[in-house]
Structure formats: C-alpha cells, structure tokens
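Here are some notes for a colleague who is meeting this structure for the first time. They are set out as numbered points, to be read beside the structure itself.

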Amino acid sequence: MACKKPIFDLEGNELEQCVQVVDRKRLLNDLWSEIHSCVSLAQGNELTLSALVDNLRSLSFDLESQSSIVDGLSGSVSSKAQDIELLIGASVPTEILIKPPKVSKNKGTGVHVQGSGSDERLKSDKEKAVEQSKKKKRLCKGCKKLGYHDIRNCPEKEK
C-alpha cells in the first residue's frame, strides 16, 4: 500500500481492502507511539522500568494465550511469517526470479573485437590531421576542386 490516501474505484466508492489496511496500520502506529511514550516516561526510574517490563510480559502472555485459544478454534497455527504478512499487508512470493546483471566494461571505449579496428586507441586531432595530409587529394565533380572529398560528401552540395 504505497498510497497513504484511500483508493477509490471507477464509481468513486472507497475500496474496502484499502480502508482495512489503512485502519490496521493507523492502529499499529498508535500502538507503537504509546509504547515509546511509556518507555520515555519510565526511562529515568529503574523501578518504573522494571514494572513496565513486567506489565508488558504479562500482557504478552495474555495475548499469546488468547491467540492460542483463537487458533485452536479455527484449527490453524499462527506463524511468525503469517504475522509479518499481516503487518506488511502483502504475502511472500512463492517464486523469486533474479536474473544475472548485464556484463558491462568499465574501462576503454566500446566493444573490443579482434580485427574490426575497434581495438585501436583513440587518436589525437594532430595525429588525425597528419594522416589526412598523407592521403591523396581527389577531384570533386560537384565543386570541381581538389580535396579530401568527392561528390557524395561535398561540403558545397545542397542537401
């Protein structure tokens, strides 16, 4: 239940499941708030703390005896997992599918495949200019100039 507000269906009616879960969570929050306030009040005195622990133990014993009577009547045994599912409001999935992560390289640039030319290092602008100057110039039929381009990639060609 990611939404704290009540959820409505298409007709504008409030969904009962949402109301029940929200009310249960609000009640549990109130319970924890009361427990924390009792602990903070008894914090300064050791006798009061021991009395609070005794009262909580007796309350716990009473609740366990009540739940065993209720479980005996219904014929089911309450387990810790069921209690947690009730508290969270969701059931434990029967099957968990975890796929391995995709392999990624954290060094270099791109995929390195032998013979494809991608295993070379990156060249500086100066190295690129030197290699470009070693190439033979071509006569472009589009602009009728000598250069390192032809009619397919002529810079003066209209697109």
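**Notes on the predicted model**

1. In this predicted model, the largest pocket has a volume of about 690 Å³. Its lining is made up of 15 residues, and those that lie nearest the centre of the pocket are Leu28, Leu31, Trp32, Ile35 and Leu63. Of the residues in this lining, ten are nonpolar, two are polar and three are charged.

2. As for where that lining comes from, at least two of its residues are supplied by each of helix 1 (16-42), helix 2 (46-74) and helix 3 (80-88). The protein chain as a whole has four helices and two strands, and when it is read along the sequence these elements follow the pattern α-α-α-α-β-β.

3. Turning to the chain overall, buried residues make up 7% of its 159 residues, and the surface that the protein chain exposes comes to about 15,000 Å², with carbon and sulfur atoms supplying 58% of that area. Among the contacts with a separation of 6 or more, 8% are between residues 24 or more positions apart.

4. A reader may wish to ask how many disulfides there are. The count comes to zero disulfides, and cysteine 154 shows how the rule works: its sulfur has its closest cysteine sulfur in cysteine 140, at 3.7 Å, which is too far for a bond because a disulfide needs the two sulfur atoms within 2.5 Å. Cysteine 154 is buried, because its relative accessible area of 7% is under 20%. Cysteine 38, by comparison, has a relative accessibility of 34% and therefore counts as partly exposed, a class that lies between 20% and 50%.

5. Histidine 149 deserves a look alongside cysteine 154, since Cys154 is one of the residues with which histidine 149 is in contact. Leaving aside neighbours within four places in sequence, the other contacts of histidine 149 are Arg138, Cys140, Cys143 and Pro155. Histidine 149 is placed in the segment after strand 2 (146-147), and with a relative accessible area of 14%, under the 20% cut-off, histidine 149 is therefore buried.

6. Lysine 144 is worth checking for its backbone, where phi is positive, at about 60°, although this residue is not a glycine. Most residues other than glycine have a negative phi. Lysine 144 is found in the loop between strand 1 (138-139) and strand 2. Is lysine 144 buried or exposed? Lysine 144 is exposed, because its relative accessible area of 61% is over 50%.

Note on methods:
Residues numbered from 1 in each chain as written. Predicted model: local features only at pLDDT ≥ 70, side-chain atom pairs only at ≥ 80, totals over all residues. Heavy atoms only, no water. Buried < 20%, exposed > 50% of the residue type's maximum accessible area, 1.4 Å probe, protein only. Contact = heavy atoms within 4.5 Å. Areas by Shrake-Rupley, 256 points an atom, 1.4 Å probe, with all protein chains shown as cover. 1 Å grid on protein atoms, 1.4 Å probe; cavity = no way out; pocket = protein on both sides within 12 Å on 5 of 7 lines; lining within 4 Å. Points joined across faces, edges and corners; volume = space filled by probe spheres on them. Nonpolar A, V, L, I, M, F, W, Y, C, P; charged D, E, K, R; others polar.
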